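Welcome, and thank you for taking a look at this one with me. Please open the sequence and the model side by side, and I will walk you through the spots I would visit.

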Amino acid sequence: MNYLNQLIDRYQSLDACKESIEQSYKILIECFKNGNKLLVAGNGGSCADSEHIVGELMKGFVLPRKCSAEFAEKLKKIDGTRGAELADKLQGGLPAIALTDHQGLNTAFINDVQNGGLLTYAQQVYGYGKEGDVFLGISTSGNSKNVMNAAVVAKAMGMKVLGLTGAKGGELASFADVAIKVPETETYKIQELHLPVYHCLCLMLEEEFFGNT
């Protein structure tokens, strides 16, 4: 938990979130160890944060994530030239999908389904999700309707739900299996604390799965 202790040293107000960060970390470890995936969604700045999180999980963050020697040999056997380059440059990833940037799908759903604008994340959870996956909803208020719709679908599918919110927590905090409620109430201040929290989680997960590679 060295990264978590460093986080608290840098942002002492986040000591109030230490337990919920640890709990979220444990849920994500179980998810990835069982071959499941993370789905992430939010609006506005939280939309950008969703993409950011996926970027840190799906490729190297601070550690090298070389592919295994066994997989490298498979690549080279299939194509001696391309396989060698792929084996050298591919990086291990933890499977994560941001539900925020699928404009073709989302606009088709909005066009085809009456009043479907607040259901696009829910539709993606229904399509992508399976039991054992995790849905992370990011909402500074905790009351984003489209995020809550997705959370309800996630629970119905047997997924764990994590929330990343502000101090008030809103509906999401009471609904989620674990909610990290950073101790701020103004949107921009909440978002300023969300980034170091999810960076910490990504660092901890990278160390867990790629620390010995």
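**Notes for a newcomer**

1. Let us begin at Asp49, whose contacts, leaving aside residues up to four places away in sequence, are Ile138, His194 and Tyr198. Please keep in mind throughout that this is a predicted model. Asp49 is found in helix α3, which spans residues 45–57.

2. Which side chain of opposite charge is nearest to Asp49? That is Arg10, and it is 14 Å away. Asp49 is buried yet has no salt bridge. The cut-off for a salt bridge is a side-chain nitrogen of Lys or Arg within 4 Å of a carboxyl oxygen of Asp or Glu, so a distance of 14 Å leaves Asp49 and Arg10 unpaired.

3. Salt bridges do occur elsewhere in the model. How many are there by this rule? The count comes to seven. One of the pairs is Lys37 with Asp133, where the closest N and O atoms are 2.8 Å apart. Lys37 sits in the loop between α2 (18–33) and β1 (38–42), while Asp133 sits in the loop between α7 and β3 (134–138), so the pair ties together parts that are 96 residues apart in sequence. Are these two residues buried or exposed? Both Lys37 and Asp133 are buried.

4. Another pair to look at is Asp88 with Lys66, whose side chains meet in a salt bridge at 3.3 Å, N to O. Asp88 belongs to helix α5 (residues 80–89) and Lys66 to the loop between α3 and α4 (69–78), so this salt bridge links parts that are 22 residues apart in sequence. Asp88 is partly exposed, with a relative accessible area of 48%. Lys66 is partly exposed as well, at 47%.

5. A further salt bridge brings together the side chains of Lys189 and Glu186, again at 3.3 Å from N to O. Here Lys189 is partly exposed, with a relative accessible area of 27%. Its partner Glu186 is also partly exposed, with a value of 40%.

6. Now for the helices. A helpful thought before you look: two packed helices are described by the angle between their axes and the distance between the axes. Helix α7 (residues 120–128) packs with helix α8 (residues 145–156) at an angle of about 25°, their axes being 7 Å apart. That angle makes α7 roughly parallel to α8. On the α7 side the contact is made by Tyr121, Ala122, Val125 and Tyr126, and on the α8 side by Asn146, Val147, Asn149, Ala150, Val153 and Ala154. The crossing of α7 and α8 is right-handed.

7. Helix α7 has another neighbour to inspect, helix α6 (residues 103–112). The axes of α6 and α7 come within 10 Å and cross at roughly 115°. How does α6 lie relative to α7? The two are roughly perpendicular. From α6, the residues making the contact are Leu105, Asn106, Phe109 and Ile110; from α7 they are Thr120, Gln123 and Gln124. This crossing, too, is right-handed.

8. Between those two helices, do stop at Asn115, which lies in the loop between α6 and α7. Asn115 has a positive phi of about 55° although it is not a glycine. Is Asn115 buried or exposed? With a relative accessible area of 69%, Asn115 is exposed.

9. Helices α4 and α5 give you one more arrangement to view. Their axes come within 6 Å and cross at roughly 155°. The helices α4 and α5 are therefore roughly antiparallel to each other. The contact involves Ala72, Leu75, Lys76 and Ile78 of α4, together with Gly80, Gly83, Ala84, Leu86 and Ala87 of α5.

10. Finally, find Leu14 in the loop between α1 (2–10) and α2. Leu14 is buried, with a relative accessible area of 0%. Which residues does Leu14 touch, not counting residues up to four places away in sequence? They are Leu7, Ile8, Val182, Pro183, Leu193 and Val197. If you would like to step from here to Leu86, that residue is 72 residues from Leu14 along the chain, and the C-alpha atoms of the two are separated by 40 Å.

How values were computed
Residues numbered from 1 in each chain as written. Predicted model: local features only at pLDDT ≥ 70, side-chain atom pairs only at ≥ 80, totals over all residues. Heavy atoms only, no water. Helix = DSSP H or I, 4+ residues; strand = E, 2+ residues; numbered from the N terminus. Buried < 20%, exposed > 50% of the residue type's maximum accessible area, 1.4 Å probe, protein only. Lys, Arg positive; Asp, Glu negative; His and termini not counted. Contact = heavy atoms within 4.5 Å. Axes fitted to C-alpha atoms, helices over the stretch in contact; angles between N-to-C directions. Parallel < 35°, antiparallel > 145°, perpendicular 65-115°, else oblique. Left-handed = near helix turned anticlockwise from the far one by under 90°.
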